[in-house]
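Here are a few exercises to work through with the model open beside you. Try each task before reading its solution.

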Amino acid sequence: MNKTATQLLGITLILLLAQVIVLNHVCLFGVAVPFAFIYVLLRLPVTMNQNWVLTVGFFMGLLIDIFSDTQGMNALACTILVMFRKPVLRLYFPREDELTDTLPSISSLGFIIYMKYALSMSLIYCGLIFIIEAFSLFNFLTLLLRIISSTILTTLLLIGIDSLTLRRREKRL
């Protein structure tokens with residue numbers, strides 16, 4: 001395995017454990033839930049085959065479902081999320097050949113484009129997971145509040161994680 005795949009696998013294991021052990025039990029103000037594990041799905045290489053991307057998304061969601069006892073909700077939401085990954089990326093960065101790196105990150109896309117990308121993907125995931133969980137639009141304002149607050153919290157968390165994993169390229173004298 002190459003260095004990038006090894007790093008992505010390590011980040012995946014760390015974020016899956018963090019999500020299952022800590023973040024699933026965090027609920028700020030009774031509405032905002034952080035979803036850090038979707039960072040891996042956002043970070044998959046742009047050149048990766050769509051079948052592999054769907055498979056990775058499904059199994060990541062399934063692992064969260066197994067340890068969170070959520071009966072397939074995350075597997076469905078993650079599979080749908082990775083289907084929207086390339087179209088959302090093309091929305092903000094129309095030419096894939098201009099990417100400096102095939103892994104979407106702050107360093108390859110720039111901060112503003114990555115923030116829009118992370119915000120859009122967080123909104124899609126949070127919207128899906130909470131609509132699947134509620135399975136109705138009965139209490140629409142509470143549902144909307146949960147989606148918006150979780151999207152903001154997840155986006156901030158994704159940007160924080162990406163800035164921690166950012167490779168520092170400093171010139172030394």
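**Exercise 1. Determine the handedness of the crossing of α7 and α8, and describe how the two helices pack.**

Step 1. In this predicted model, α7 crosses α8 in a right-handed sense.

Step 2. Next, take the geometry: the axes of α7 and α8 are 8 Å apart, and the packing angle is about 140°.

Step 3. Classify that angle. Roughly antiparallel needs an angle over 145 degrees, and roughly perpendicular covers 65 to 115. The two helices, α7 and α8, are therefore oblique to each other.

Step 4. Finally, look at what lines the contact of α7 with α8: 14 nonpolar residues, six polar ones and three charged ones.

**Exercise 2. Find how many salt bridges the whole structure holds, and say which parts of the chain each one links.**

Step 1. The cut-off to apply is a side-chain nitrogen of Lys or Arg within 4 Å of a carboxyl oxygen of Asp or Glu. With it, a search of the whole structure returns two salt bridges.

Step 2. One of them pairs Arg-43 with Asp-162, where the closest N and O atoms are 3.4 Å apart. Arg-43 belongs to helix α2 (residues 38-43) and Asp-162 to helix α8 (residues 140-165), so this pair ties together parts that are 119 residues apart in sequence.

Step 3. Check the surroundings of this pair. Arg-43 is buried at 10% relative accessibility, and Asp-162 is buried at 1%.

Step 4. Glu-133 and Arg-146 form a salt bridge too, with 3.5 Å between the closest N and O atoms. Here the link runs between distant parts of the chain, from Glu-133 in helix α7 (residues 111-134) to Arg-146 in helix α8, 13 residues apart.

Step 5. Both members of this pair are partly exposed: Glu-133 has a relative accessible area of 41%, and Arg-146 has one of 23%.

**Exercise 3. Explain why Cys-126 is in no disulfide, and do the bookkeeping for Cys-27 as well.**

Step 1. Recall the chemistry: a disulfide joins the sulfur atoms of two cysteines by a covalent bond.

Step 2. Search the whole structure for such bonds, and the result is zero disulfides. For Cys-27, the nearest cysteine sulfur is that of Cys-126, 12 Å away.

Step 3. Now turn to Cys-126. The closest cysteine sulfur to its own is in Cys-78, at 11 Å, which is too far for a bond; the cut-off is within 2.5 Å.

Step 4. Compare the settings of the two residues. Cys-27 is partly exposed, with a relative accessible area of 41%, whereas Cys-126 is buried at 0%.

**Exercise 4. Take Phe-29 and Gln-71: what is the sign of phi in each, and where do the two residues lie?**

Step 1. Start from the usual expectation: most residues other than glycine have a negative phi.

Step 2. Phe-29 is not a glycine, yet its phi is positive, at about 55°. Gln-71 likewise has a positive phi, near 50°.

Step 3. Locate them. Phe-29 is in the loop between α1 (3-21) and α2, while Gln-71 is in the loop between α3 (50-68) and α4 (73-83).

Step 4. Classify their accessibility, with exposed meaning over 50%. Phe-29 is exposed at 83%, and Gln-71 is exposed at 69%.

**Exercise 5. Set separation along the chain beside distance in space for three C-alpha pairs.**

Step 1. Begin with Asp-162 and Ala-118, which are 44 residues apart in sequence and 10 Å apart from C-alpha to C-alpha. You met Asp-162 earlier, in helix α8.

Step 2. Move on to Val-53 and Leu-144. This pair is 91 residues apart in sequence, and the C-alpha atoms are 29 Å apart. Val-53 sits in helix α3 and is buried, with a relative accessible area of 0%.

Step 3. Finish with Thr-4 and Ile-21: they are 17 residues apart along the chain, and 26 Å separates their C-alpha atoms. Thr-4 is in helix α1 and is partly exposed, at 30%.

Note on methods:
Residues are numbered from 1 along each chain as its sequence is written. This is a predicted model: local features need pLDDT of at least 70, side-chain atom pairs count only at pLDDT 80 or more; totals for chains, interfaces and linings use all residues. Side-chain values use heavy atoms; hydrogens and water are left out. Buried means under 20% relative accessible area, exposed over 50%, partly exposed in between (1.4 Å probe, protein chains only). Helices (H or I, at least four residues) and strands (E, at least two) are DSSP runs, numbered from the N terminus. Axes are lines fitted to C-alpha atoms, for helices over the stretch in contact, and angles run from 0 to 180 degrees between N-to-C directions. Angles under 35 degrees count as roughly parallel, over 145 as roughly antiparallel, 65 to 115 as roughly perpendicular and the rest as oblique. A crossing is left-handed if the near helix is turned anticlockwise from the far one by less than a right angle, and right-handed if clockwise. Ala, Val, Leu, Ile, Met, Phe, Trp, Tyr, Cys and Pro count as nonpolar, Asp, Glu, Lys and Arg as charged, and the others, Gly among them, as polar.
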